[in-house]
Each structure stands twice: as C-alpha cells, then as structure tokens.
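Visitor: I have a structure open and I would like to talk it through with someone. Could you go slowly with me?

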2 protein chains.
Amino acid sequence: MAAQKIQDKQKAILEAAIAVFAARGFWNTPTSLISKTAGVADGTLFNYFATKDDLISEVYLEIKREMAAQMLEGFPSHGSVKDKMRHIWNRYIEWGLLHPEQFKVIHQISESFTLNESVKAQATEPFVEIERIARESIENGELRAYPVDYLAAIMDNLAVLTVQFIAKNDDKQIDYKAIGFEILWNGAIR
Amino acid sequence: MAAQKIQDKQKAILEAAIAVFAARGFWNTPTSLISKTAGVADGTLFNYFATKDDLISEVYLEIKREMAAQMLEGFPSHGSVKDKMRHIWNRYIEWGLLHPEQFKVIHQISESFTLNESVKAQATEPFVEIERIARESIENGELRAYPVDYLAAIMDNLAVLTVQFIAKNDDKQIDYKAIGFEILWNGAIR
DNA sequence: ATATATTGATTGAGTAATCACTCATTTTGA
DNA sequence: TCAAAATGAGTGATTACTCAATCAATATAT
C-alpha cells in the first residue's frame, strides 16, 4: 500500500481519537469507538498503535508538534522581551481558540495520564527556544528572577484558563486575552 | 445500628476512596478496591452510595467542605484587602501541603468529571463570602476591576500550581508560596 | 434472667455488560 | 500472483452493581 495511504489512515485514527477524547475523556472512550469514528475496523487501530496507551501518547505528541509549529511562526526574534512574550501569549490563546478539541485533550492528557519520560522529552523539545529566551532575559535583568519553569507553568495555566473563559463567555465585551496578558506581565514578568 | 457506626463506615469508605483515587486516578480505580481498602464488603459500598458516580461527587463535596472550614478560620475580617487575600492564599497553600491526597483528588475530579449542577452549587456555597469581599473591594477601588470569577479561577490555579511546585521541589531555598503571592498581587490584584 | 422475635445492616458470590487486544481469514493494489 | 494491509468475530479479563442469605443489635415475652 502506498505510503501516503498509510499516513492518511494513521492521521484519521489520531483525529478521531482527539474528537472523541475531547467529547468523553480518554479514560471513558473505548478503542472501538475511536476506530468506528475513524471509519476503520477495530483491529486496524492496533496495526498502527500497539496499545491504547501508545495511541494516547501519540495523540499528545501530535498535538504538541502542531502547536509548537504555530507558536514559533513569525516570532519577533529582534523585538523586545515584552514583544516576544506577547507573541507567544497571543499565538497560544489563538491556537487554543482555533483548536478547542486539541486544546482540551492535551490539557486532559497532561493532567491525568502518566506519560513516559521519552514522550515528555520529545514534547518539551520544541519549546527549549522559548525557555532559552527567558533565561537570557533574566540574566539581562529584563525579567524578574523567578524560577523559569515556574513561570512557564504559570503562563501555560493562565493561558488555558483564559481560553476557557473566552470560549465559555459569549460576552464579547470582556477582553480576557488582553487582561490575561496584563496580569501575566505585571505579576510574573516585570 | 448506632448512628455513629453508620457515619464511621461512610467516612471510612470516603477516606479509602480519596486514598486510592489519589494513587491511581478515579477512572482507573474499581469500586472493589475502594471497599477492600475501607475494610468492608463490595456490597456495603453500595448501601452508602447508590453509584460510583455518586461516590465521586460525595468525595468532592466532602473535601470542599473540609477545605472551606480551614480557610475561613481566623479570617482577618477587619484587615486590609491585602491581608485578607494573603490569609486566603496562605491557608489554601498550607491546606494543600497538609492534605496532598485531598488536594490532588479534588483537582482531578473538577478537571475531568462532570459534576451535576446541584453538586457544583453546593461546592461553591462556602466561598460566596470570599467572592463578596472581592466585589466590595473592586467597588471601593481597592482592587482592579477585573472579572471576579476570572480572578478567582486564577487564584485557584496559581495556588494549585504552587503547591505542586513546593511538593515536587525539595529545594527549600525557593519560597514558592511567597513568590506566588507576589505574582498574584502584582498582576491580578493591584 | 433467658429465650425469642424483629429489624436493618452486612456480606460476597453471581451477573450482565464492557473492554483491550488477537488472529485466522479476506481484501487490496501493484 | 502475492505480499502487505484490513477485517471483525472471538477471548479472557475486568467492571459496576444485585440480591438472597447471614449476622448483629435491640426489643419483647416468658
């Protein structure tokens, strides 16, 4: 079978998994529902992913990769720290709003699934650049000397929260994206 | 049977549930393990809780109640806004560190279990007082006019994160509790 | 004081449903 | 023609929950 077709089928399974995981949570979704949603037989899923846990890990990595690509696009390498931070912030929020299922699922998995170390390492890899910038800026004195991993986690959590609020609230009067960045900047950064 | 004994047994089941939920996640723990841990027969669990879902909801409410009692104790009703906020912040963090299982479980449940509306309402009830203070302070101009529910969620998330960092890091040099409050105060509050 | 009856909690083997995963067979495409 | 991919009925394990039988505590009768 052509390599293209194989990729298509893998992709179809991953996408189906994301959709049903978002709707019911991964603990609560049988593999049979994933294969059904993907339009393949039950057995086919296991031709592509050895176990359900493997599939979950792959879903996680797939989403992280897509996200990283989007976030680094158009990064203002020569801008100020604030510009850089705002770029990441805005991209993250926008990505979350544009891909609510992926956003939900990735959060869900990282909260309540024990990813093995190799998967974790692969997942953080695209973000090392961002972390490097943060460390440099602290050395320059441009950022407060708070622990970088703590800051990163705060940014992540705050962004997740902000996306949830924007999605939940149809009251478009409140600009959570802007407020969120203000809070992050005033509190954590400077 | 004496009313006391009945309460004891219910309590034993709830406590066993918290312990095993913390260790394996609630989706991943059979009711039989809960009853075994509690030292009762499989059937007994269902004399006290109609379904596993009911048990999960009760676990959630039980923890929330305990937490609320602790947090309001010694509340500086006549202090400044900052004092009030810091009191809540410190109590929350301390409670989390003192009750890591409960803390983990309550977070886990609120993230990935669909609580019904009545349960949600019961859970937030003890915290209305805190919300009232926040609203008043905004009217006074003591706090920034950010949406109160957004601020509350940020405080909650930041506290959870902070507890996780303190618990994970044995490096006692870093005072996450203080840093966290600084970030909250500078960013979200004033 | 002792035997008996009543009430309600406790028990755990049993049940039907569900699940992840297998593998012998069939289909596909070159 | 044939190798690789796809299939889905089947399997063994696990699960939430049931229910008839047992047990324990108290009340009543002798």
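Visitor: Let's start with the DNA: which residues come nearest to DNA strand C?

Guide: Bear in mind that this is a predicted model. Of the 18 residues around DNA strand C, the ones that come nearest are Pro30(A), Gly43(A), Lys52(A), Ala41(B) and Gly43(B).

Visitor: And which helices supply that surface near DNA strand C?

Guide: Helix 2 and helix 3 (42-48) of chain A, together with helix 3 (42-48) of chain B, each supply at least two residues of the surface near DNA strand C. The largest share, four residues, comes from helix 3 of chain B.

Visitor: What kinds of residue are they, by class?

Guide: The surface near DNA strand C has seven nonpolar, seven polar and four charged residues.

Visitor: OK, now the other strand. How many residues surround DNA strand D, and which are the closest?

Guide: DNA strand D is surrounded by 18 residues, and the closest are Ala41(A), Gly43(A), Pro30(B), Gly43(B) and Lys52(B). Two or more residues of the surface near DNA strand D come from each of these elements: helix 3 of chain A, and helix 2 (31-38) and helix 3 of chain B. Helix 3 of chain A gives the most, with four residues, and by class the surface near DNA strand D divides into seven nonpolar, seven polar and four charged residues.

Visitor: How do the two chains relate, then? What turn lays chain B on chain A?

Guide: A turn of 180 degrees, with a shift of 0.0 Å along the axis, lays chain B on chain A with an RMSD of 0.1 Å. That is the relation of a two-fold axis.

Visitor: Which residue of chain B comes closest to the rotation axis?

Guide: Among the residues of chain B that is Gly187(B), whose C-alpha comes within reach of the axis at 1.8 Å.

Visitor: How many residues of chain B are in contact with chain A?

Guide: There are 23 residues of chain B in contact with 23 residues of chain A. On the side of chain B that touches chain A, helix 6 (100-112), helix 9 (148-168) and helix 10 (176-189) of chain B each supply at least two residues. The residues of that side divide into 15 nonpolar, seven polar and one charged.

Visitor: Why do you say the copies meet through the same surface?

Guide: The reason is that 100% of the interface residues of chain B are also interface residues in chain A, so the copies meet through the same surface.

Visitor: Changing topic: how many helices and strands are there in chain A?

Guide: Chain A has ten helices and zero strands, and its C-alpha trace spans about 55 × 40 × 30 Å along the principal axes. Buried residues make up 29% of the 190 residues in chain A. If you take the contacts in chain A between residues at least 6 apart in sequence, 66% of them join residues at least 24 apart.

Visitor: Which residues of helix 6 of chain A are buried?

Guide: In helix 6 of chain A the buried residues are Gln102(A), Phe103(A), Lys104(A), Val105(A), Ile106(A) and Ile109(A). This helix, residues 100-112 of chain A, has 13 residues and reaches 18 Å from its first C-alpha to its last, close to the 18 Å expected at 1.5 Å a residue.

Visitor: Is Gly74(B) buried or exposed?

Guide: Gly74(B) is exposed, because it has 9 other C-beta atoms within 10 Å, and 12 or fewer counts as exposed. Gly74(B) lies in the loop between helix 4 (52-72) and helix 5 (81-98) of chain B. Gly74(B) and Ser35(B) are 39 residues apart in sequence, and their C-alpha atoms are 37 Å apart in space.

Visitor: And where is Asp156(A) found?

Guide: Asp156(A) is found in helix 9 (residues 148-168) of chain A. With 15 other C-beta atoms within 10 Å, Asp156(A) is partly exposed. Its C-alpha atom is separated by 17 Å from that of Asp83(A), a residue 73 residues apart from Asp156(A) along the chain.

Visitor: Last one: which element of chain A has the lowest mean pLDDT?

Guide: That is helix 8 (residues 128-140) of chain A, with a mean pLDDT of 83, whereas helix 2 (residues 31-38) of chain A has the highest, 98. Chain A averages a pLDDT of 90, and 96% of the residues score at least 70. Where pLDDT is low, the predicted coordinates should not be read in detail.

Notes. Residues are numbered from 1 along each chain as its sequence is written. Chains are lettered from A and ligands numbered from 1 in the order in which they are written. This is a predicted model: local features need pLDDT of at least 70, side-chain atom pairs count only at pLDDT 80 or more; totals for chains, interfaces and linings use all residues. Copies are superposed by least squares on the C-alpha atoms of residues with pLDDT of at least 70 in both. Two residues are in contact if their C-beta atoms, placed from the backbone, lie within 7 Å. Ala, Val, Leu, Ile, Met, Phe, Trp, Tyr, Cys and Pro count as nonpolar, Asp, Glu, Lys and Arg as charged, and the others, Gly among them, as polar. pLDDT is the predictor's confidence in each residue, from 0 to 100. A residue is near a molecule or strand if its C-beta atom, placed from the backbone, lies within 6 Å of it. A residue is buried if 20 or more other C-beta atoms lie within 10 Å of its own, exposed if 12 or fewer, and partly exposed in between; C-beta atoms are placed from the backbone. The expected span of a helix is 1.5 Å times one less than its number of residues.
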